[in-house]
Amino acid sequence: MDLFTVAFVSAFIAGFLAASMPLLVASLGETIGEQSGVLNLGIEGVMLFGGYAAFVVTLATDSFAWGLLAGAGVGILTSLFLLVLSVLLGLNQIVIGLAVTLLGGGMTSVLYFENYSRSTPRLGKDSPLAIPGLSDIPVVGDSVFSQPSVFWIVLGLAIAVWWLLVKTNFGLQIRAAGQNPNSLDASGGNVVATRAIAVLLGGFFSGLGGAYLALISTGTFTPFMTQGVGYTAIVVTMLARGRISWVIGASLVFGLSVAVGTVIQLTTINLPTDIIKMFPFVVVILVLVIFARSAYVPPALGLPYSRGTR
Amino acid sequence: MVSRTENRSGRSTPVLSIRHITKAFPGVIANDDISLDLYSGQVHCLLGENGAGKSTLISILAGMQQPDDGWIEAGGVKTSISSPRRAMDLGIGVVYQHSTLISTMTVLENLMLGDTGHITLDIKGAKARLEELGEVLGTRIQGSALAADLALGQQQQVEIAKAMWKGSKVLVLDEPTSMLTPQAVSDLEASVARLKERGLAIVFITHKLREAYAMGDEISVLRHGRLVKRIPPEELANSTEEEVKDVVLGAMFGEDIGVVGTETFAQELSAFSDAHQLRSPKSFSGIPPALVLDDVSTSDSMTETPIRGLSLQIHPGEVVGVAGIDGHGQRHLAELVAGQRKLAGGHVKLEGQDISHLGVRGRQGLGIRYVTDDRLHEGIVGNLSVAVNLVLKRIGMSPFWRFGRMDKVAVDFEARSLVDSFDIRTPTLHTRAGTLSGGNIQKLILARELAHDPRVVIFNKPTYGLDLKTVGRVRTIVRDFADNGGSVLLISTDLDELVELSDRIVLISNGRLAGEVRNDSPRTAELVGELMLGPSA
Amino acid sequence: MTMTDTQVHQDAVPESGSQPPTSLARRIGIGFIRNVLPLILAIITSGILLLAMGKSPFFFYGEVLRFGLMGTGWQRSLVMLAPLLLYGAGLIVAFRGKLWNLGYEGQYLLGGVLVVGLAPYLTESLPLVLAFVILMLLGAVAGGAWTFIPAVLKARFGTNEIVTTLMLSFVGIGITNMLIRGPFQNPDVTVPQTAVMPLDTMFPKILGSRIHIGIIIALIAVLIVHYVLTRTSFGLRLDVYGASPKSALHVGINAPRMVIVLFLASGALIGFAAAVDMLGLWGNMRANWNPAYGSEILPFVFLARLNVLASIPFLAFYAVLATGGALASQDIGLDSHFMLVVVALILMFMSVIEYIGMKRDLGQSYVPPALRKALASLLPGRKATNS
């Protein structure tokens, strides 16, 4: 089979975006939280809650926009849990993160089973917002520039997050909270409030990521559908060290490895699907091995902050 | 050292008043009914030993803690300092003893950290303000420099600028000279003088009498949480150093003078006169060295300066002091001698034998011991009992462990004898070591390291942050050990301590030795200070 | 390092560290609150969730008890308990060293598939007991081997093990499926699964009940692990390392070696658990099958305060809950993953109660300053309280 037919390339690009966008969105959220010193291990749970909410809302309202918003909103609500327990009370972030993951997986699975297991509805794909002129470019035009409007919104969000972290006062406070919360406190900043907002922002993105995964990447909700994307977001965040350009790059690389797998399935190369599914994770591990020394975390990551205690 | 500048007192309303402040923690009253006033254009010295309650008072002023009782008056109006932000709004700036700068951020970023006026970072405005403050302080600081790259004296200047960022009425300096080179100390004194002229009220906290006398317009003495003596400006201005010394010492030690030692010793401890050596000078020529470091180097680490090609010898009975600005390789040096850090080059020899390949356990068995400066997180395991901590470096060894099992009787016996001989105050042998006070934790570590035939002991900042009684005890231990033939590597940022105890002092700078001073004249401290100014410092 | 905090504490710590005396009644009370209360609260909360879904919590939990304990239920629970004891011990060994081995699913599956795949050959050619021993060893080796890469990365480079173990877990799941579809595929059927082990090649049962000898093997093994962790010099070194890697280095403990040993031991115990599970209960493995015990027993391992002996009653409780829950869920028309929700709730309640307990011990109010100020400002007319 020719490797560069229109269908092939389109499928490649579509698969590429479907995999990298949710990861990018989730990584953006995880980055904000991580820069402030909060490790969200519950990210998979939040994404699942967001995905389920988005699915339910879009089914009911027939609107993708409402679905995405619902996903983001539920993400914020869920991260309230994380917020109260990890940031305000200072409980072990790893334990709480695991609890949120279990809760997310369990609850959405139970709810889906209750309500949809018999009907298994699917959603139609969003009508693409075509960019005039560009979307007329053969092959590429159709896939890239006719993407659902969300794609452009995601890129816009990435730039917004970069601006927030690098150019604003609040971004400086977030980074200080992760580097040295004592300094922030002594400077008159409020460590708890800063981290709280960072966590809620993180929840917004994680929920949105789950919503994207459900609504756009797959068009439906399946229990435990995240399949490790949340944890990959954590890896991306750790490697990127707060640099948004790296977050985007790493997400795209991951999406690439998933797309390669999908595309291989279209060819006559006969690789078992298991290997294909494993491929992205192997890539991540290789990246970690090669860049082992540079996986750097903010010094205050995972440590709860209390003023004046030993 | 420095002549006291004339103070311009507008002794009308104090800028800030502290009234009957009391703060208690479980088991101890840190501040007990303290009242004092701060006037604009005056330096008010708070004098007291470690543990007297100074840190608590500062954190109350900074808004980090709330008093249990009492109140604050700002310009005569009753108010409360409920948070660091509120302290800033009141014009109170605090410069802590240890840097609160974020080392991975630039000077400008650190300074902008408290700014919440606008959404976007106002870099231009910040640069302008930095220049303005730089002029006030008399220094130039690069806004784009990383805080980690600044010398300690410069870091302190940035901290002062930060404390004054929003406009200041009161500046609190917490033991500002403890880690500075003599040059940086005079820079600080000059800055303080200029700030006084501008009408700032300055609180200068120290445990060194001589500094308080030199810098202060007014002195308040703290002891065990109480304000035991106040020397008002008129009295201070009209007293000689001797007179002040008597008054203060009496207030600081009361009946403890007998316990602490002779009056002369007490003076040394409170650093009234310039410190001088307490041991008789010795000669070591002709005696083979006990420990030899032969061109040793360590590999880079993220947080500490590595050692590059350092050679040093320590003879039996000799105390070699290591002076230098904190973070110039002291930690690597201590660790490579102790066996905690692998060598990247060179050799370590003990009595002629090459021990470079031995780890902590091997070297410990040969008599090399390490009293670390990181007492809480490295020296002990807080959750384990005092008894277990005392045998912590002998896990698996008999008689404490047989066939892998712990012999509790043997451990308790050893622990009991160490607790008794080193006077470690603990409710039981099985109390969690982390609950002991700082002084007793240090005694625990000393007991452990000095048990069972020590030959070479590394002391890393052994008296830092301890109360004076324990300080005296520790220094006696070091002296006695050396007098009995032991070899000592004494690493410290306290020049007085080094002068008192060392036979010679070497200066470490950027991982290398930058010079040596024999401690055989009253000019030792001066000479070391000169070395620190030198080209390689 | 926050020297200012240490300095403040310098003023504050009294000469003698004091601990309040505790009477027996008080200790029992505290024990109840710390260990039993989270379970009760979780059950109540999940009951409320059930009500919201239109199901009766009493019926559900009644069924759970019935299926878990009554009749032959308790036997089935014991059968489930056998691998869980080993699994829990595996998690405890790593967690005590503050090493977060979260790759347990991959380790378990690889151990299990190797055992199920190779069992037919070994049991045919070797005496049964020898075959069992070798198979159990194989399971342990497989599980341990799967922790090797994360262990080395952590020991040499300090690479965060949460991420490496998780990623490898996914890879392990993939390899397991490949093995099932490939060399271990049952030639007699078309569905992807291994051959079913004949009953006489599996663990014998005790006294004609449903309980196989795996429970005895597991009990002996975890008691040995407990002894090593609490009574030997190795156990103390582990505790020191877990409490503070800095202290461990200072004291002369070989930290990199400790990391590798702990990881290998953890993986080995988990693989061992899988072997026991396969040889005693399942006898075969289907593709895409993942019982995911690890996530579900995590809270119980923590509730046991990472003590192997204490984990036994907690895991027994879980075994009853899970055994009964699986069947009760079917009965009531509920997705079997409901147990995950219950488990997550236990984790959360446990954390909160620990927090409250910790704050009370320190003599501080258990409402943290941030919350307290926020609450105080909501109450009209009340002056903002001091800490």
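The buried residues of helix 16 of chain B pack against three elements of chain B, namely helix 15 (386-390), strand 18 (405-406) and helix 17 (438-450). Here a residue is buried if 20 or more other C-beta atoms lie within 10 Å of its own, exposed if 12 or fewer, and partly exposed in between, with C-beta atoms placed from the backbone. Helices (H or I, at least four residues) and strands (E, at least two) are DSSP runs, numbered from the N terminus. The model is predicted: local features need pLDDT of at least 70, side-chain atom pairs count only at pLDDT 80 or more, and totals for chains, interfaces and linings use all residues. Residues are numbered from 1 along each chain as its sequence is written, while chains are lettered from A and ligands numbered from 1 in the order in which they are written.

To stay with helix 16 of chain B, its buried members are V411(B), E414(B), A415(B), L418(B), V419(B) and F422(B). Seen down the helix axis, these buried residues fall within an arc of 130°, so they line one face of the helix; the arc is that of the directions from the helix axis to the C-beta atoms. The face turned away from the buried side carries the exposed residues V409(B), D420(B) and S421(B). The length of helix 16 can be checked too: at 1.5 Å a residue, its 15 residues (408-422) should span 21 Å, and the end C-alpha atoms are 21 Å apart, which agrees. The expected span of a helix is 1.5 Å times one less than its number of residues. Just after helix 16 comes D423(B), with a positive phi near 55°.

On the wider scale, chain B is divided into domain 1 (16-100 + 168-269), domain 2 (277-367 + 455-537) and domain 3 (376-452), with bounds that come from an automatic or database domain assignment. The centres of domain 1 and domain 2 of chain B, taken over C-alpha atoms, are separated by 33 Å. Elsewhere in chain B, E197(B) lies in helix 6 (residues 182-197). This residue is partly exposed, with 13 other C-beta atoms within 10 Å. E197(B) and Q42(B) are 155 residues apart in sequence, and their C-alpha atoms are 8.9 Å apart in space.

Chain B also holds an open sheet of four strands, in the order 12-11-14-15, with antiparallel pairing. Strand 12 (310-314) and strand 15 (353-354) stand at the edges, each with a single partner strand, so one side of each is left without a neighbour in the sheet. Two strands pair if DSSP finds at least two bridges between them. Strand 11 (residues 291-297) and strand 14 (residues 345-350) of chain B run antiparallel and are joined by five bridges; S297(B) stands opposite G345(B) in strand 14.

A second antiparallel pair in chain B consists of strand 21 and strand 22, again with five bridges. Within this pair, V506(B) has E516(B) in strand 22 as its bridge partner. The hairpin has two residues between the strands, and N510(B) takes a positive phi near 55° there. N510(B) is found in the loop between strand 21 (504-509) and strand 22 (512-518), and is partly exposed, with 16 other C-beta atoms within 10 Å. Most residues other than glycine have a negative phi. A positive phi near 55° is likewise found in L306(C), a residue other than glycine. L306(C) has its place in the loop between helix 13 (293-303) and helix 14 (308-332) of chain C, and counts as partly exposed with 19 C-beta neighbours inside 10 Å.

The secondary structure of chain C comes to 16 helices and zero strands, and 51% of its 387 residues count as buried. Two residues are in contact if their C-beta atoms, placed from the backbone, lie within 7 Å. Between chains, 44 residues of chain A are in contact with 41 residues of chain C. On the side of chain A that touches chain C, helix 3 (64-88), helix 4 (93-116), helix 10 (229-240) and helix 12 (273-290) each supply at least two residues, and helix 4 gives the largest share, 14 residues. Helix 4 of chain A is mostly covered, as 18 of its 24 residues are buried.
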